[in-house]
Amino acid sequence: MKRFFTLLFLSLSALLLLACSKQSSNSLDGEYYWINESRNEVAFTISGNKGEADAFIIDKDSSTIELTGSDIINRKENYAFKDGVFTVDISGTKQDYYKKDSEAYKEAMKKYYDK
């Protein structure tokens, strides 16, 4: 009986660890860089459901951001987030923003700056 409970406990622990690791890799929290041949700069930071540097609120359920602020027209835009790349149309053109220290960020840095 003791072995049964030990195995059950270990199995549940492993499932919890897997669930937590998947969540953290898909977290939007972090600094995002606009990287291309002419720029490498922090575009914005996401913390929870809010954007810093640019004023926006993220709705993860509908994959939209609501842009707010005195310098821009308030509007909602769809975004995509995959493998460390946040793609959104903030300024009239869709742009890719790279989450710092993600594989996509490292690849963009190699592509544009490690020549």
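In this predicted model, a salt bridge links the side chains of glutamate 103 and lysine 106, with an N to O distance of 3.7 Å. Both residues belong to helix H2. They lie three residues apart, about one turn of the helix. Glutamate 103 has a relative accessibility of 54% and counts as exposed. Lysine 106 is partly exposed, at a relative accessible area of 40%. Side chains of opposite charge can pair when their charged atoms come close.

Another pair in helix H2 repeats this spacing. Lysine 110 and glutamate 107 are three residues apart in H2, so about one helical turn separates them. Their side chains form a salt bridge, the closest N and O atoms being 3.8 Å apart. Lysine 110 is partly exposed, with a relative accessible area of 49%. Glutamate 107 is also partly exposed, with a value of 45%.

The structure holds five salt bridges. One of them joins arginine 75 to glutamate 77, at 2.7 Å from N to O. Arginine 75 has a relative accessible area of 27%. That value falls between the 20% limit for buried and the 50% limit for exposed, so arginine 75 is classed as partly exposed. Strand E6 spans residues 75–82, and its pairing is described below.

The fold comprises two helices and eight strands. Along the sequence the order is α-β-β-β-β-β-β-β-β-α. The eight strands close into a barrel, in the order E1-E2-E3-E4-E5-E6-E7-E8, with antiparallel pairing. From one strand to the next, the twist averages 35°. Helix H2, residues 103–113, packs on the sheet. Its contacts are with strands E1 (30–36), E2 (39–47), E7 and E8 (94–99). The direction of H2 makes about 25° with that of E1.

Strands of a sheet pair through backbone hydrogen bonds, either parallel or antiparallel. Strands E1 and E2 run antiparallel and are joined by seven bridges. A hairpin of two residues connects E1 to E2. Within this pairing, tyrosine 32 has phenylalanine 44 of E2 as its bridge partner. E2 also pairs with strand E3 (residues 50–52), in the antiparallel sense and over three bridges. Threonine 45 stands opposite glutamate 52 in E3. The E2 and E3 hairpin likewise has two residues between its strands. Glycine 48 lies in that turn and has a positive phi of about 70°. Further along the barrel, four bridges join E6 to the antiparallel strand E7 (residues 85–89). Here lysine 82 faces valine 85 in E7.

Two nonpolar cores were examined. The largest has 14 residues. Phe44, Ile46, Ile65, Phe86 and Tyr97 have the most contacts inside this core. Phenylalanine 44 is thus named in two settings: as the bridge partner of tyrosine 32, and among the residues with the most contacts in the largest core. The elements that give two or more residues to this core are E2, strand E4 (56–59), strand E5 (64–67) and E7. E2 supplies the largest share, three residues. A second core is separate and has nine residues. Ile35, Ala104, Tyr105 and Ala108 are included in the second core. Over the whole chain of 115 residues, buried residues make up 29%. Of the contacts with a separation of 6 or more, 29% involve residues 24 or more positions apart.

Confidence varies along the chain. The mean pLDDT is 82, and 75% of the residues score at least 70. Among the elements, strand E8 has the highest mean pLDDT, 94. Helix H1, residues 2–25, has the lowest, 63. Where pLDDT is low, the predicted coordinates should not be read in detail.

Key
Residues numbered from 1 in each chain as written. Predicted model: local features only at pLDDT ≥ 70, side-chain atom pairs only at ≥ 80, totals over all residues. Heavy atoms only, no water. Pairing = 2+ DSSP bridges. Axes fitted to C-alpha atoms, helices over the stretch in contact; angles between N-to-C directions. Contact = heavy atoms within 4.5 Å. Salt bridge = Lys/Arg side-chain N within 4 Å of Asp/Glu carboxyl O. Buried < 20%, exposed > 50% of the residue type's maximum accessible area, 1.4 Å probe, protein only. Core = buried A, V, L, I, M, F, W, Y, C linked by side-chain atoms within 4.5 Å. pLDDT = per-residue confidence, 0-100.
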